[in-house]
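Thanks for coming, everyone. I have one structure to walk through today. Have it open in front of you while I talk.

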Amino acid sequence: LVSVSLSLSRVGINLVDASPQELISCYLEEVQLTLISRGKERVRGLDLTVEGCQIDNMLDRTPVPVIVHSASHQSGRENAPFFKMLVEQDVKGSAGGVTILKRVQAELQDLQLSLEGRIVVLAF
């Protein structure tokens, strides 16, 4: 068994236009990424967990400053992560350039979404 893990308490990503003007800020909380290789079973895996997420509208005078907010902590689901994904690849089953996935599992908890028309137009 070989396992490599990466844990980050907070990750921030910003979307900036050509002006440059900051449009959107995305914050991910408690990000955990684990890569696993089980040699005898010839299985490789990826496990990703994100405990919380918030995406903010950074435009001036916006009536909606928070675009997306993970609702799991507010709804009493303290133990449930906002996003969880598990992917396992069957290495012995992969042949001829074809990758065979043994298992793919993804879970996304409730989130609150609020959009302002200006941010949709500027972002796309």
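**Strands, salt bridges and a buried aspartate**

Let me start with strand 2. It covers residues 22-38, and L23 sits in it. Keep that strand in mind; we will come back to it.

A word on what this is. The model is predicted. The protein chain has a mean pLDDT of 85, and 90% of the residues reach at least 70. Where is confidence lowest, and where is it highest? Lowest is helix 1, residues 117-123, with a mean of 71. Highest is strand 1, at 95. As a general caution, predicted coordinates should not be read in detail where pLDDT is low.

Now the layout. There are 7 strands and 1 helix in the protein chain. The order from the N terminus is β-β-β-β-β-β-β-α. Of the 124 residues, 28% are buried. Take the contacts between residues at least 6 apart in sequence: 56% of them join residues at least 24 apart. The chain exposes about 8200 Å², and carbon and sulfur atoms supply 56% of that.

Next, the charges. Side chains of opposite charge can pair when their charged atoms come close. How many salt bridges are there in this model? The count is 3.

Take R10 and E29. Their side chains form a salt bridge, N to O, at 3.5 Å. R10 is in strand 1, residues 2-16, and E29 is in strand 2. They are 19 residues apart, so the pair links distant parts of the chain. E29 is partly exposed, at 34% relative accessible area.

Then R38 and E88. The closest N and O atoms of this salt bridge are 3.4 Å apart. E88 is in strand 5, residues 83-90, and R38 is in strand 2, so the bridge ties together parts 50 residues apart in sequence. How accessible is each partner? E88 counts as buried, at 12% relative accessibility. R38 counts as partly exposed, at 24%.

And K84 with D47. Here the closest N and O atoms of the salt bridge are 3.1 Å apart. K84 belongs to strand 5 and D47 to strand 3, with their positions 37 residues apart in the chain. Both ends are partly exposed: K84 has a relative accessible area of 29%, and D47 has 21%.

That brings me to D56. It lies in strand 3, residues 43-57. D56 is buried, yet it has no salt bridge. Which side chain of opposite charge is nearest to D56? It is R10, 6.3 Å away. Why does that pair not count? A salt bridge needs the side-chain nitrogen within 4 Å of the carboxyl oxygen, and R10 is 6.3 Å from D56. R10 does have a salt bridge, with E29.

So what does the D56 side chain meet? There is a polar contact of 2.7 Å with the side chain of Q54. Set aside the neighbours within four places in sequence, and D56 is in contact with L23, I24, S25, Y27, P65, V66 and I67.

L23, on that list, takes us back to strand 2. L23 is buried, because its relative accessible area is 2%. Its C-alpha is 9.5 Å from that of D60, and the two residues are 37 apart along the chain.

Last, some backbone points to check on your screens. The peptide bond from S19 to P20 is cis, with omega near -5 degrees. P20 is in the loop between strand 1 and strand 2.

Two residues to look at for phi. E30 has a positive phi, near 50 degrees, and is not a glycine. E30 is in strand 2. Its relative accessible area is 38%, which makes E30 partly exposed. R61 also has a positive phi, near 50 degrees, in a residue other than glycine. R61 is in the loop between strand 3 and strand 4, the latter being 66-70. Is R61 buried or exposed? R61 counts as exposed, at 79% relative accessibility.

To close, one thing to take away. D56 is buried without a salt bridge, and its side chain has a polar contact with Q54. Thanks; over to you.

Methods:
Residues numbered from 1 in each chain as written. Predicted model: local features only at pLDDT ≥ 70, side-chain atom pairs only at ≥ 80, totals over all residues. Heavy atoms only, no water. Helix = DSSP H or I, 4+ residues; strand = E, 2+ residues; numbered from the N terminus. Buried < 20%, exposed > 50% of the residue type's maximum accessible area, 1.4 Å probe, protein only. Lys, Arg positive; Asp, Glu negative; His and termini not counted. Polar contact = N/O pair within 3.5 Å; in protein donor to acceptor, adjacent residues only side chain to side chain. Contact = heavy atoms within 4.5 Å. pLDDT = per-residue confidence, 0-100. Areas by Shrake-Rupley, 256 points an atom, 1.4 Å probe, with all protein chains shown as cover.
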